[in-house]
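Got a few minutes for some side-chain detective work? Have a look at the model below, then try the exercises before reading the solutions.

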Amino acid sequence: KCDVFDASVIANAYARLMVLERTLFGQLIPSYVATNSERFRVKDLALMLNAYAKVELRSLTVFNALSERCREQAPRMDGQAISVIANAHARLLIVDEPLFK
């Protein structure tokens, strides 16, 4: 069984290796994120979004699914989390005005 943190760490591990595993990033994670977005904590959000930025995969499905959760968790974010999440959006040219207001 895979929890949110495990999914984020797995995605980040592949990204660190610069391996874009299409089934993982293109199907499994988007499906997982869509059904579990409310369970993502700040660290999980930063890891997952950063993984997509590292492999340069612009998945609006993933970013949109996590956008609302990012806004909910914003009061709990420190400077590093905000920086990682903003950088992921910037690297992939994803504009999310409500998130960064």
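What follows is a set of exercises with worked solutions on this model, which is a predicted one.

**Exercise 1. Salt bridges**

Find out how many salt bridges a search of the whole structure gives, and which residues form them.

*Solution.* The search turns up three salt bridges.

Step 1: start with R41, which pairs with D44 through N and O atoms that come as close as 3.1 Å. To count, a Lys or Arg side-chain nitrogen has to be within 4 Å of an Asp or Glu carboxyl oxygen.

Step 2: go to R69, whose side chain meets that of E72 at 3.0 Å, N to O. Both sit in helix α4 (residues 60-73), three residues apart, so about one helical turn separates R69 and E72.

Step 3: finish with R71 and D96, a salt bridge with an N to O distance of 3.9 Å. Here R71 belongs to helix α4 while D96 is in the segment after α5 (79-91), so this pair links parts 25 residues apart in sequence.

**Exercise 2. Buried or exposed?**

For each salt-bridge residue, decide whether the label is buried or partly exposed, using under 20% relative accessible area for buried and over 50% for exposed.

*Solution.* Take the pairs in turn.

- R41 has 45% relative accessibility, so call R41 partly exposed; D44, at 1%, is buried.
- R69 comes in at 16% and is therefore buried, whereas E72 has 39% and is partly exposed.
- R71 reaches 34%, which makes R71 partly exposed; D96 has 12% and goes down as buried.

**Exercise 3. Positive phi**

Check the backbone at M18 and L93, and work out where each residue lies.

*Solution.* Step 1: M18 isn't a glycine, yet its phi is positive, near 60°. You'll find M18 in the loop between α1 (4-16) and α2 (22-36). With a relative accessible area of 58%, M18 is exposed.

Step 2: L93 isn't a glycine either, and its phi is positive at about 55°. This residue is in the segment after α5, and its 66% relative accessibility puts L93 in the exposed class.

**Exercise 4. The largest pocket**

Work out which helix supplies the largest share of the lining of the largest pocket, and how the lining residues divide by type.

*Solution.* Step 1: get the volume, which is about 170 Å³ for the largest pocket.

Step 2: list the lining, namely V42, K43, A46, L47, N50, D78, Q80, A81 and V84.

Step 3: sort by helix. Both α3 (42-54) and α5 contribute at least two residues each, and α3 takes the largest share with five.

Step 4: sort by type. The lining splits into five nonpolar, two polar and two charged residues.

**Exercise 5. The aromatic pair**

Find the one aromatic pair that the structure holds, and say what its geometry is.

*Solution.* Step 1: the search leaves you with one aromatic pair. The ring centres of F25 and Y52 are 5.2 Å apart and the planes meet at 80°, so the arrangement is edge-to-face.

Step 2: place the partners. F25 is in helix α2 and Y52 in helix α3, so the pair ties together parts 27 residues apart in sequence.

Step 3: check accessibility. F25 is buried at 1% relative accessibility, and Y52 is buried too, at 0%.

Definitions and conventions:
Residues numbered from 1 in each chain as written. Predicted model: local features only at pLDDT ≥ 70, side-chain atom pairs only at ≥ 80, totals over all residues. Heavy atoms only, no water. Buried < 20%, exposed > 50% of the residue type's maximum accessible area, 1.4 Å probe, protein only. Helix = DSSP H or I, 4+ residues; strand = E, 2+ residues; numbered from the N terminus. 1 Å grid on protein atoms, 1.4 Å probe; cavity = no way out; pocket = protein on both sides within 12 Å on 5 of 7 lines; lining within 4 Å. Points joined across faces, edges and corners; volume = space filled by probe spheres on them. Nonpolar A, V, L, I, M, F, W, Y, C, P; charged D, E, K, R; others polar. Phe/Tyr/Trp six-rings, centres within 6.5 Å; stacked < 30°, edge-to-face > 60°.
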